[in-house]
Amino acid sequence: MTTIAFIGLGNMGGPMAANLVKAGHDVRGFDLVAALRDGAAADGVQIAASGTEAVKGADAIITMLPAGKHVRAVWAEIVPHAKSGAVIVDSSTIDVDSARAAHALAAERGLKSLDAPVSGGTGGAKAGTLTFMCGGADDAFAAAKPILEKMGKRIVHCGGAGAGQAAKICNNMILGATMIVTCEAFALAEKLGLSHQALFDVASTSSGQSWSITTYCPVPGPVPASPANNSYKPGFAAALMLKDLKLAQEAAQSAGAQTPLGAHAAELYEQYNSAGNENADFSGIINYLRSQKASR
Ligand code: NAD
């Protein structure tokens, strides 16, 4: 069985590493936080003394870290110690420029590399049903795919270096903007005397349809499993949505793309987060929108 090094055993990385152990892999893990190392050890991960120790001799390396600066620093540390011919995969959600810089580091050492951010959240990480959006060369994708399949249900090759991160932030920019306008529509319907269920019945099967209404309806009732039925507990926390919208704006600026609605969605989520809602579900922005006074 393939030996896999796993760096970053947090909310996502912990259960992902545990699924690799369950699949029969020899997994060597490392995190800066002792309690997370202990938790992973209880799941059968062999704990290494450092990231560098974890990657020595490993056939595959996976990193699951908070942001681009962590990925750049960790890859700079571990890549020189990786086995020749190994595949290295970063599944964190990070800026496209950092992802491309990480690929360049791996290429200097002759490693196969992939940016492979995920969607599906902590529930998907535990259940092994994540979607991986992959960017990198064909040989890197071919080497990593059987491993990613142990942690996910859909493994999509989006293109070359950085294409996985690009797909992730474009998708989440659509999600942020459609969630806001879906919330606005329900708030408007309330003022117009239209019931939540009536708007849902029409819009969920008409041209206003999107994942934000059919799967994640931001008002209680029509979709029983949505966080609106559970006091807007995440789900997908507003802080993570803001992170992704900011990454989309950075990418748009760097690439010279016009994204006015994406920019406005980022501003609204900034306000929603600043009002003390970082840990609430992102669909709870409906309460923030309702609380704003009409400006015209
Ligand atoms: P997390 O903060 O729980 O985990 C990150 C871990 O990286 C932490 O435990 C931290 O100690 C560790 N770390 C940081 N620097 C390190 C280093 N030098 N060496 C070893 N370990 C180090 O975050 P998370 O929720 O697991 O998310 C990880 C990534 O996945 C983020 O980029 C996030 O945006 C993305 N993501 C999260 C979710 C979600 O629902 N939580 C969903 C999709 C994508």
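When I say two residues are in contact, I mean they have heavy atoms within 4.5 Å of each other. Keep that in mind, and keep in mind too that this is a predicted model.

Okay, let's start with D31. Where is D31 in the fold? D31 sits in the loop between β2 and α2, and α2 covers 34-42. Is D31 buried or exposed? The cut-off for buried is under 20% relative accessible area. D31 has 10%, so D31 is buried.

Now use that contact definition. If we skip the neighbours within four places in sequence, D31 is in contact with G8, L9, G10, L36 and R37. L9 deserves a second look: its backbone nitrogen is 2.7 Å from a polar atom of the D31 side chain. For a sense of scale, take D31 and G284. They're 253 residues apart along the chain, and their C-alpha atoms are separated by 32 Å.

D31 also brings us to the ligand. Which residues come nearest to the ligand? There are 22 residues around the ligand, and the nearest are N11, M12, D31, L65 and K243. Let's go through some polar contacts. From D31, an N or O atom in the side chain is 2.6 Å from an oxygen atom of the ligand. With N11, a polar backbone atom does the job, at 2.9 Å from a ligand oxygen. P66 also uses a polar backbone atom, and here the distance to a ligand oxygen is 3.0 Å. On its own, the ligand has 820 Å² of accessible area, and the protein covers 84% of that.

Next, the strands, beginning with β1, which is residues 3-7. All 5 of its 5 residues are buried, so the strand is largely enclosed by the rest of the structure. Here's a bit of background: side chains in a regular strand alternate between the two faces of the sheet. For β1 you can see both faces covered, with T3, A5 and I7 buried on one side and I4 and F6 buried on the other.

So what does β1 pair with? One partner is β2, residues 26-30, which runs parallel to β1 and is joined to it by 5 bridges. If you're following along in the structure, T3 stands opposite D26, and the bridge partner of F6 in β2 is G29. Another partner is β4, residues 60-63, also parallel, with 4 bridges to β1. There, I4 stands opposite A60.

How does the chain get from β1 to β2? Helix α1, residues 13-22, belongs with those two strands in a β-α-β unit, and the unit is right-handed.

From β2 we can keep walking. Strand β3, residues 46-47, runs parallel to β2, and 2 bridges join them. R28 is opposite Q46 in that pair. Again there's a right-handed β-α-β unit, made of β2, α2 and β3.

Let's jump further along the chain to S91. S91 is in the loop between β5 (87-90) and α5 (96-108). Is S91 buried or exposed? Its relative accessibility is 1%, so S91 counts as buried. Leaving out residues up to four places away in sequence, S91 touches M16, T63, M64, A116, P117, V118 and F132. With A116 there's something extra: the S91 side chain reaches the backbone oxygen of A116 at 2.9 Å.

The strand before that loop, β5, pairs with β6, residues 112-115, in the parallel sense over 4 bridges. D90 has D115 as its bridge partner in β6. The chain crosses from β5 through α5 to β6, and that crossover is right-handed.

β6 has an antiparallel pairing as well, with β8, residues 130-136, over 2 bridges. In that pair, L114 stands opposite G136.

Last stop, K153, which is in strand β9, residues 152-159. Is K153 buried or exposed? The relative accessibility is 66%, so K153 counts as exposed. Leaving aside neighbours within four places in sequence, K153 is in contact with G128, T129 and L130. And compared with I88, K153 is 65 residues away in sequence and 20 Å away in space, C-alpha to C-alpha.

To wrap up, the residue to remember is D31: buried in its loop, with its side chain 2.6 Å from a ligand oxygen.

Conventions. Residues are numbered from 1 along each chain as its sequence is written. This is a predicted model: local features need pLDDT of at least 70, side-chain atom pairs count only at pLDDT 80 or more; totals for chains, interfaces and linings use all residues. Side-chain values use heavy atoms; hydrogens and water are left out. Buried means under 20% relative accessible area, exposed over 50%, partly exposed in between (1.4 Å probe, protein chains only). Two strands pair if DSSP finds at least two bridges between them. A crossover is right-handed if, with the strands pointing away from the viewer, the path from the first strand over the helix to the second runs clockwise. A polar contact is a pair of N or O atoms within 3.5 Å; within protein, one must be able to donate a hydrogen and the other to accept it, and residues adjacent in sequence count only if both atoms are side-chain atoms. A residue is near a molecule or strand if one of its heavy atoms lies within 4 Å of it. Accessible areas come from the Shrake-Rupley method with a 1.4 Å probe; for residues, only the protein chains shown count as cover.
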